[in-house]
Amino acid sequence: MQREWGGNMLKGCMRTPTPKDAPTVPEKRMFRMGTIINDFTINIATANGTGSQSANLILLQSLFDMGVPVSGKNLFPSNISGLPTWYIVRLSDKGYQAPGDRTHIQVLVNPATWDDDLAALEPGSVVVWNSDTKGKTVERDDVVSYPVPMSSLARKINPKIAKLVTNIVYVGVLAELLGIDQTCLESAVAKQFKGKASAVELNITALGLGRDYCKEELTKNDPYAVEAREVTKPQFFIEGNEAAALGAHYGGVQLLAWYPITPSSSLAEGIINYIPRLRTDDDGKATMAVIQAEDELAAAGMVLGAGWAGGRGMTATSGPGISLMQEFIGLAYFAEVPSVFWDVTRVGPSTGLPTRTQQSDIAMLYEGSHGDTQHIVLIPGTVEECFEYGWRAFDYSERFQTPVFGMSDLDLGMNRWACEGFTYPDEPMDRGKVVREQDVFEAFETFGRYLDVDGDGIPYRTLPGSGMAPILYRGTGHNPMGVYSEKPEDYYNLMQRLRMKIDGARDALPAPVLREEAECEVGIVFLGSMENSIQEIDDILEETGLKVSQCRVRALPFHSDVEAFVRRHETVIVLEINRDGQLYGILRRELPNDLVTKVHSVAYSDGMPPRARIYAERILATLEEVNQ
Amino acid sequence: MSEKPARAIKLNVINEPKDSYTGGPSSLCPGCGHDQISTVIINAAWENGIEPHRIAKMSGIGCSSKTPAYYLGQSHGFNTVHGRMPSVTTGAYAVNKDLLYLGVSGDGDSASIGIGQLIHAIRRNMDMVYIIENNGVYGLTKGQYSATADVGSKKKKGPANETQPIDLCALAINLGCTFVARSFSGSKKQLTSLLKAAMSHKGFALIDVISPCVTFNNNDESMRSYSYVKENEVTLHMADYIPHFNPVEEIEVPEGHFKDITLHDGSTIRLETISEEHDPGDAMAALTALHGAESDGKHVTRLLYLDASKPSLAEDLGLVDEALLDVPDEVLRPNQASLDALNAEFLA
């Protein structure tokens, strides 16, 4: 499929800066040849803590409500107030959700990044800028310049909160420039401020000031416009973290033990926020506990304690937290204690870039803790899957009596994504092989906590307090009866059984999502939030004449469909957002030898959400190398 | 054959023999004070008439933390990871608040690697008994100083300990711990009554039990006998040689008095039982007694501090009355209508 490029279409559309005294915009908006509708990227440069996030979300929501396929990426700093923030809004009728290759409309509010942001623009770009910014101007003559005295306009409303209002002024300007529907804008304001009358009124006034200034003082001199679209299926915006939090509730979570860390805090807080509505009885008493732990080690310990006691415990953290939890993860694997860990990943190693996105915890989750281990990892790529794995994680964990990880990332977790709605669990909670009744217990000829009665590697367990077959759970070597043992055959058999148990989970876990071409030329294996960039990558590759199939892995250990996909395709690329190709490493090790040579890694990460062009070019370069 | 008269088995208030409270054989060094504490645990649980299966035995890592295998064989237990027993207990407690959580820890577990978790468990006033089997050394790794070792303590090799010890009872009182006691592994009578009281306490009950290590907490005196053996029994694999001693003697110190106790290695410690006039509701008095004893080279024993008025963690969590474990799945999972309503609101 041929993909249109905004950059190409802009040729001949270059505009000189518009003087302030230029004639006003004609009454009727004139769309000339070359008008670019719903296919451009807006980059808004502000400072953290100035309220710009609210303004940007209003812009995003109003476009969304017009039916325009749109995505927003918040590039924020690890800081409470003052450091630079960028918000990238991409409109794409094709539904592309990655940040585009370039900025078409730049909003300049932050003097700190002004010069760099301006210099980075391609000729023909549009600049909407705060002309009240001391010592800053726009002197490039190859861009369309719209100076707006945002601070003075904001001060007119209320000098005390001028800084906050400044941001909403540029939304008004953009609304007028691009033709954003006023009703949608107002309903977005109401949504953002949850109907709080004074805030809604203030913001709508500020929007109007921006709009009026644009109408009266600026001449539309750029090709960009927004057009409403029919929406066939109603959708709403939601963050992955909130979706996962709701999912956890529908999984009947009984204990949330957590320690705050970006970008997972909103998952934990999402769970907390919904307790009054979803998990509280008529007397105001809750059916789940929340404990903010002293650190991630304690959070993990509490999750294990809950699982050991027979409950559904979970934590939400990010890579540094998972690093701290390693010892408990090994204990949960070895002592076979159900436990659920959500890792909303960010850029590592170490503290890394705490507010940027990456898929670099794959290996750490899959093989977490010292010794030979292997863990179940659920990898959502959409907000619907965040919800679904939110509840399924508990079922898998109790069924297989082992730690289960949900692996989301900052991009999926903290940005808003379109969602058609969440589906209620289609099966009852799977509590696994727990013996609760005395008569069931007595029917066992021999009861051993770690005895493989059914040949599937999954033993039966009794719960503390039940009085049935009490044992001392331990992280030390043990025999099938749960008694301490250093005997070679006990250790060997235990480790073999654990391997068999997790291996047996493969095809019970979510199968990969396959989108295949009949030709089976190039297959791309990818995971998680890359879902939002893959179609654009695929289209860029297919422009070159390639036929590209997609296989989105949704769980580890790999489903058998993944191997079958690799077998069917001539060349397979494993695409991921990290440096070392962690998923590739795991796949390579687990594939049969005859398939290994056709699998190649394309791994790249610079902290940004994946931009399609970068990954597509790397895939093309790799394919070229392979074909030489 | 004449019938032997059946020996009456002594039963407790719930008609259980003491056998229902015993565990497996100990693998600690013969004579270890920790084994005496295990015996006290068995006696206290039996005498208190607690259903053995309603106790959860929790521990971390170390000599002390191995002991749950040696008592209460009818209770589930969890020998967790080093210093992290409090968090595992907290999680279990959140799910099943109806069990009696009996934690056993050591001074390495509690005063070093796990001091943070101990502090936060106290801060939450979680309902549990927390016994510290305090010997001042790391036994399983063969005799390094712990953070409770007194200044001047000497081990077999290397210099004496010059680092200030942590007094876990003083720490606990400062943190607002609601039950703080100190005892001695040889003072079975005192320890039993303290443990029985701790088991009945609602909130976090800490008992710091001085439990000398019979093997590694040696001074130069005992080194002499060790050296003697070493010099005279050249055929022994010296690195593996663990000298065995007689058990720590049983000792009860009347209230308000002190006694010097000679340990297996020839060293002495002085125990002073805090007088009956001590008001356990007075944190300042308890701290004064602890600090006074420390400067006199003594260890005060008995119940030091008690506050039965503070709410425990269960009350803070705002949970339904029954244990979460007993809440049916259909109640844990919100119904279909609730999700339909959410979807509709999101779409509005």
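Reader: Which domains does the domain assignment give for chain A?
Author: Keep in mind that this is a predicted model. In chain A, the assignment starts with domain 1 at 14-225. After that come domain 2 (238-419) and domain 3 (513-627).

Reader: How far apart do the C-alpha centres of domain 2 and domain 3 of chain A lie?
Author: These two domains of chain A do touch: the contact takes 21 residues from domain 2 and 20 residues from domain 3. Going by their C-alpha centres, the spacing between domain 2 and domain 3 of chain A is 27 Å.

Reader: What classes do the residues on the domain 2 side of that contact in chain A divide into?
Author: On that side, α12 (362-366), β14 (376-378), β15 (403-409) and α14 (410-414) of chain A each supply at least two residues. Sorted by class, the residues of domain 2 of chain A that touch domain 3 of chain A come to 11 nonpolar, 7 polar and 3 charged.

Reader: Now for the two chains together. Which element gives the most to the side of chain B that touches chain A?
Author: The contact takes 47 residues from chain B and 51 residues from chain A. Several elements of chain B give two or more residues to it, among them β1 (55-59), β2 (76-79) and α12 (336-347). The top giver on the chain B side, with 8 residues, is α3(B).

Reader: Which residue of β2(B) stands opposite A:L472?
Author: Strand β17 (residues 472-474) of chain A runs parallel to β2(B), and 3 bridges join them. Within β2(B), the residue facing A:L472 is B:G77.

Reader: At what angle do helix α3 and helix α5 of chain B pack?
Author: Look at α3 (residues 85-95) and α5 (residues 115-124) of chain B, whose axes are 8 Å apart. From α3(B) the contact uses B:P86, B:S87 and B:T90, and from α5(B) it uses B:Q117, B:L118, B:A121 and B:R124. By class, that makes 3 nonpolar, 3 polar and 1 charged residues. The packing angle of α3(B) and α5(B) is about 35°.

Reader: Over which residues of chain B does pLDDT stay under 50?
Author: Chain B has a mean pLDDT of 85, and 85% of its residues reach 70 or more. Where pLDDT is low, the coordinates shouldn't be read in detail. So go easy on the 29 contacts beyond four places in sequence that the model has for the stretch under 50 in chain B, residues 218-245.

Reader: What ipTM does the predictor give the complex?
Author: The predictor scores the complex in two ways here. Its pTM is 0.91, and its ipTM is 0.91.

Note on methods: Residues are numbered from 1 along each chain as its sequence is written. Chains are lettered from A and ligands numbered from 1 in the order in which they are written. This is a predicted model: local features need pLDDT of at least 70, side-chain atom pairs count only at pLDDT 80 or more; totals for chains, interfaces and linings use all residues. Domain bounds come from an automatic or database domain assignment. Two residues are in contact if their C-beta atoms, placed from the backbone, lie within 7 Å. Helices (H or I, at least four residues) and strands (E, at least two) are DSSP runs, numbered from the N terminus. Ala, Val, Leu, Ile, Met, Phe, Trp, Tyr, Cys and Pro count as nonpolar, Asp, Glu, Lys and Arg as charged, and the others, Gly among them, as polar. pLDDT is the predictor's confidence in each residue, from 0 to 100. Axes are lines fitted to C-alpha atoms, for helices over the stretch in contact, and angles run from 0 to 180 degrees between N-to-C directions. Two strands pair if DSSP finds at least two bridges between them.
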